[in-house]
Structures are given as structure tokens and as C-alpha cells.
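Colleague: Could you take me through this one in plain terms? I'd like to hear what lies behind each label.

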Amino acid sequence: MWLVLICVLLATLYWYGTRNHGYWKSKGVPYEKPLPFFGSNIKYILNNVSLTERLQNFYEAYPKERYVGFYRGNEPAVLLRDPELIKRVLSTDFRQFHYRGINLNAAHVEPLFKNLFAAEGDVWRLTRQKLTPAFTTSKLKAMFPLIVETAATLVNIVNQSEQDEIDTRDLMARYTIDFIGSCGFGINSNSLNDETSGFRQLGKRIATITKRDALVFVLKRTAPDLFKHLTYLAPEIETKLVSIVKQIVEQRNHKPSGRNDFIDMMLELKQKGNIRGESIEHQNPDGSPMIVEIEFDDLLMCAQAFVFFIAGFETSSSASSYLLHNLAYNPDHLKRCQDEVDEVLSRYDGKLCFDAVKEMKYLEMCLKESLRILPPIGFLMRKCVNRYTFPDTDLTVEKDMVMMIPTQGLHFDPQYFEDPQEFKPERFSSDDVDKIKNYTYMPFGDGPRACIGERLGLMQSLAGVATVLRHFDVSPGRSSVRRPPIDPSSTIFQTIPALPLHLKPRVH
């Protein structure tokens with residue numbers, strides 16, 4: 001009797017864990033064989049690679065397919081390989097794919113995930129419209145003196161170091177944190193001078209994927225309804241960030257202070273009351289978009305501060321440190337960058353400024369090539385709003401089905417980038433950049449949901465690297481590795497734990 005019950009229970013569990021796993025076979029779509037319960041969700045953990053690397057490997061395993069089916073737990077999903085299909089998802093038919101798909105349960109969205117990166121529908125659209133003015137050219141120019149001030153401290157820290165090599169990943173992370181603290185929150189985080197500063201420790205905790213974080217990620221992806229009350233963010237992260245924002249707001253008496261930083265801009269928005277605009281989710285009977293409004297309350301403001309902090313910190317520090325790493329291993333490109341920095345600054349009395357950085361075209365080419373090799377976010381994700389059939393294909397995707405776009409896989413595809421493993425900044429020269437096929441190079445995404453802070457991130461990274469190159473020669477250190485491994489626990493942001501390099505003062 002007990003044996004029968006156990007067999008029935010096991011059979012029931014197996015059925016439950018595989019109940020949708022025949023979907024793609026029935027559709028005649030090539031697909032990756034799933035594991036019971038987990039589908040494809042746990043494969044990157046079993047293979048000890050990052051999620052980005054897992055998707056890149058998946059992309060490379062089907063070189064002749066335009067799309068491939070797979071399973072996120074029990075739910076069918078699609079990996080898109082064809083740039084034309086990717087274009088439809090990100091741009092042409094964006095209204096059918098405007099959901100990011102990070103929040104798996106609309107009724108249980110954790111507070112800080114109502115940020116511009118993760119928010120969905122009208123919350124995303126209206127917030128994006130209101131935050132866009134924060135990243136205009138005039139705003140970027142106004143922020144640049146803060147970058148220069150932080151960069152000057154960067155040079156002093158390197159000069160004071162008594163070690164024969166410096167972890168540039170940590171160095172540029174501290175530089176980035178100080179900039180974000182200043183231009184975003186109006187505070188001196190002092191991360192460059194003090195490794196134990198609160199802001200630096202918060203950045204480290206957010207960037208560190210603990211076993212708890214990895215487990216929650218897999219559980220929520222495998223059974224989102226069952227684990228809907230688990231939060232991606234550890235409670236201490238939300239508590240710390242909300243506390244920081246509230247303290248700053250209270251110090252300013254809940255009014256803009258005149259600093260023109262990110263907090264000021266959000267306080268201005270809050271003073272204007274609810275945000276109104278055209279809906280992307282709802283229509284009037286005549287087909288026109290409804291006018292909707294959302295409340296810009298304290299938690300929504302904290303959510304935007306969170307994404308400003310984490311997106312700026314992770315992407316810029318990764319981009320700038322990995323560029324230094326690539327230049328260290330490519331001395332010819334390093335020399336050309338240093339010559340350009342010296343020549344441009346000589347026309348600006350040796351002073352770094354917004355216009356000077358804009359003239360450093362070769363350095364920018366090197367940064368873009370470095371971002372091709374290691375995009376901080378190596379994949380894009382979208383969720384289908386309504387049932388949709390891709391033109392000129394047999395592929396129909398159902399409402400709520402997720403599309404995965406393996407950015408790093410595209411970046412390393414030899415049909416789009418010759419010798420993809422090689423560092424070749426000339427790909428992005430004015431003569432050759434137009435040869436890059438659309439929707440194959442997307443370190444900041446593409447379409448209406450592309451990164452709103454792309455220009456700020458590029459400017460900040462270029463300024464930091466230009467400052468280092470102006471004052472130091474960069475070469476591999478005794479513990480450097482040409483192709484450093486990605487932290488296998490990396491999920492949305494891919495992280496290299498350390499990038500040790502030798503920095504020697506230049507003789508001008």
C-alpha cells in the first residue's frame with residue numbers, strides 16, 4: 001500500500017514538474033531538452049558559469065536557427081538569434097513586448113523593483129518620460145565638474161598606494177561610487193579614501209550574489225507563484241538604501257536644494273504631484289491611449305534612486321576597469337590612447353572637461369570595443385503582452401511568454417564581428433561603424449527601453465580612464481590573467497571579482 005502511494009506521489013510530482021515540457025515539440029520548434037521542475041533555469045549553476053555565459057553557449061549551440069525554444073521551469077520561452085526578429089521585439093513591434101519580465105507576479109512587486117529598469121507598463125512609461133530630462137547634454141555638462149573632482153582624488157589614491165599592483169576593478173568601483181554619491185545623492189561618500197565607507201559597502205553588497213540570492217533567483221524563476229513572497233533583494237539592502245534617501249530628503253526639508261542632482265530632480269517631480277500621461281497598457285473605445293496617472297510617492301522615489309545607484313555603479317565601474325585591462329594587454333592601443341589624451345588636453349590647458357572628453361574619439365572606440373567583449377549586462381529580456389506571430393516565420397508566442405536576447409552571444413558571433421575574440425577598436429571607427437549590422441551590438445540595449453543613462457555612463461567611464469592614462473602607464477600585474485573569469489554567480493550584471501594591474505607614474 002505504501003509503495004503504491006509513494007509511486008503515485010512520485011508520478012504526480014513528475015507530471016507537475018514536466019507538464020508543459022512537450023510544448024515546443026508539439027509546435028515543431030527546435031528546443032533545448034529541459035530538466036524536470038527546473039527546465040533550463042538551473043543549467044548555468046550546474047555548469048558553473050554566469051547566466052550571460054550560459055545564454056551565450058546556448059546561442060552558439062544552434063548556429064543555423066533563427067530562434068530556439070527552452071523552458072524557464074515549466075514555462076516555455078524563446079531564445080532569439082536573428083537580428084531581424086530581435087528588431088521586432090525591441091523596436092518595430094515594441095508595444096507587443098514592452099514588458100521587461102523581471103517582476104514575475106504583478107500583484108507582488110517588491111518596492112525597489114518599481115524602478116525604471118524593472119518597472120512595467122504605465123509605471124515604466126510615465127516614470128521614463130519624467131526622468132529623461134535628467135540626462136540631457138546640458139545636465140551632463142553641469143555634472144562634469146563633479147567627475148573632474150572625483151577623478152583628481154583617483155590619481156592621489158594610486159600615487160599613495162605602496163603595492164606593486166592595484167585591483168582596478170575595486171579602484172574604479174570606488175571612483176564610480178564617489179561620483180554617484182556626489183551627482184546622484186549630493187553627499188560625499190568618500191569611497192576612494194575609505195574602503196569601509198557606507199556607500200562603498202552598500203555597493204559591494206548589491207554587487208555580491210550570495211547563496212541566498214542565487215537560491216531565491218532560481219526558486220522565483222522556477223515557481224513564481226509559489227515563491228511570490230520571496231524578494232530578490234536581501235532585506236538589508238532595501239533598508240539601507242531607503243534610510244539613505246529618507247535622510248537626504250529630510251535634510252532638504254522635502255524640497256529641491258539647488259544642487260541640481262538626481263535627488264533634487266525627484267523632489268521636483270514629487271512637488272508636482274501625480275504623474276499623468278498616455279497609457280501604454282490601456283486604450284479608449286476609439287483606440288486612442290487612455291490618460292492615466294501614478295503617484296510619485298517616497299517608495300517610488302527610492303526605487304529610482306536604487307536603479308541610479310546600482311546601474312551606474314555596476315555598468316560604469318565594470319566598463320572602465322575592463323577597458324584598462326584590455327589596454328594593459330594591448331600596448332599599441334594603450335600608446336595611441338595616451339597620445340590622444342595628451343594631445344587633446346594640451347588644447348585645454350591640461351584640464352579635463354566635458355568638451356575635451358568628447359574629442360577623445362579613439363579612446364571612445366576602445367571603450368566601445370571593450371563593451372563588446374564584456375557587456376555589463378550580457379542579455380536582454382522581454383515578455384509578450386499579447387499573442388503574437390513573427391512575420392515570415394512559423395513562430396507564434398503566447399501572452400506572457402518571455403523572449404531572451406543573448407547580447408554577448410551576438411557580440412561574439414563571427415558573422416557579425418570578424419575575429420570576435422580579438423580587441424579591435426577600429427571596428428568602431430567612423431569608416432567602419434556603419435558596417436556593424438543593426439541589433440548585433442547592444443551593450444546598453446536598444447529601442448524605447450534602452451538604458452536612459454548610456455551617455456552619462458560613457459562620459460563617466462571615459463573621464464576616469466582618461467585621468468588614469470594621463471598620469472600612469474598601465475601593464476599586466478604579477479597576478480593578472482589575460483581572460484579573467486566571470487563570477488559564475490552573476491545574474492543580471494556580470495561581474496569580474498578582481499582586475500589587478502600595474503600602474504606606474506608616467507614621465508611627461
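Modeller: Sure, starting with pairing: two strands count as paired if DSSP finds at least two bridges between them. Keep in mind that this is a predicted model.

Colleague: What makes strand 4 and strand 5 a pair?

Modeller: Strand 4 (residues 275–283) and strand 5 (residues 289–294) share five bridges. The rule asks for at least two, so they pass. Their pairing is antiparallel, and one bridge puts Gln 283 opposite Pro 289 of strand 5. Five residues sit between the strands of this hairpin, and Gly 287 there takes a positive phi near 95 degrees.

Colleague: How do you know that strand 3 belongs with strand 11?

Modeller: Two bridges join strand 3 to strand 11 (residues 500–505), and the strands run antiparallel. At least two are needed, so strand 3 and strand 11 do count as paired. Ile 166 faces Leu 501 in strand 11. These strands are part of an open sheet of three, in the order 3-11-10, with antiparallel pairing.

Colleague: Which are the edge strands there, and what makes them edges?

Modeller: Strand 3 (166–167) and strand 10 (472–476), as each pairs on one side only.

Colleague: And why are strand 1 and strand 6 called edges in the other sheet?

Modeller: That open sheet has four strands in the order 1-2-9-6, with mixed pairing. Strand 1 (67–72) and strand 6 (380–383) each have a single partner strand, so one side of each is left without a neighbour in the sheet. On average, neighbouring strands of this sheet are turned by 30 degrees against each other, direction ignored.

Colleague: In what sense do strand 2 and strand 9 pair?

Modeller: Parallel, over three bridges between strand 2 and strand 9 (residues 402–405). Leu 79 stands opposite Met 404 in strand 9. Helix 5 (residues 83–92) packs on this sheet, where it touches strand 1, strand 2, strand 6 and strand 9, and its direction makes about 120 degrees with that of strand 9.

Colleague: On to helices. At what angle do helix 7 and helix 18 pack, and how far apart are their axes?

Modeller: Helix 7 (residues 137–160) and helix 18 (residues 454–471) make an angle of about 30 degrees, and their axes are 10 Å apart. Their crossing is right-handed. Contact means heavy atoms within 4.5 Å, and the residues that meet include Leu 140, Phe 144 and Ile 147 in helix 7 and Leu 456, Met 459 and Ala 463 in helix 18. By class, this contact has 11 nonpolar, five polar and one charged residues.

Colleague: At what angle does helix 7 pack with helix 8?

Modeller: About 145 degrees for helix 7 and helix 8 (residues 168–185), with axes 9 Å apart. Angles are taken between N-to-C directions and run from 0 to 180 degrees, so a value of about 145 degrees is possible. Helix 7 passes helix 8 in a right-handed crossing. Among the contact residues are Leu 146, Thr 150 and Ile 157 of helix 7, with Leu 171, Tyr 175 and Phe 179 of helix 8. The contact divides into 12 nonpolar, two polar and two charged residues.

Colleague: Which strands does helix 7 lie across?

Modeller: Strand 3, strand 10 and strand 11, with helix 7 running at about 60 degrees to strand 10. Helix 18 lies across strand 10 and strand 11, at about 100 degrees to strand 10.

Colleague: Now the empty spaces. How many cavities are there, and what makes something a cavity?

Modeller: The search finds three of 30 Å³ or more. In a cavity a 1.4 Å probe fits but cannot get out, whereas a pocket is open. The second largest cavity holds about 510 Å³. Phe 113, Leu 233, Thr 491, Ile 492 and Phe 493 are the closest to its centre among 27 lining residues. That lining divides into 18 nonpolar, five polar and four charged residues.

Colleague: What is the volume of the largest pocket, and what lines that pocket?

Modeller: The volume is about 640 Å³. There are 23 lining residues, with Arg 72, Glu 75, Thr 222, Pro 224 and Asp 225 nearest the centre. Strand 2 gives the largest share of the lining, three residues. By class the lining has 11 nonpolar, three polar and nine charged residues.

Conventions: Residues numbered from 1 in each chain as written. Predicted model: local features only at pLDDT ≥ 70, side-chain atom pairs only at ≥ 80, totals over all residues. Heavy atoms only, no water. 1 Å grid on protein atoms, 1.4 Å probe; cavity = no way out; pocket = protein on both sides within 12 Å on 5 of 7 lines; lining within 4 Å. Points joined across faces, edges and corners; volume = space filled by probe spheres on them. Nonpolar A, V, L, I, M, F, W, Y, C, P; charged D, E, K, R; others polar. Left-handed = near helix turned anticlockwise from the far one by under 90°.
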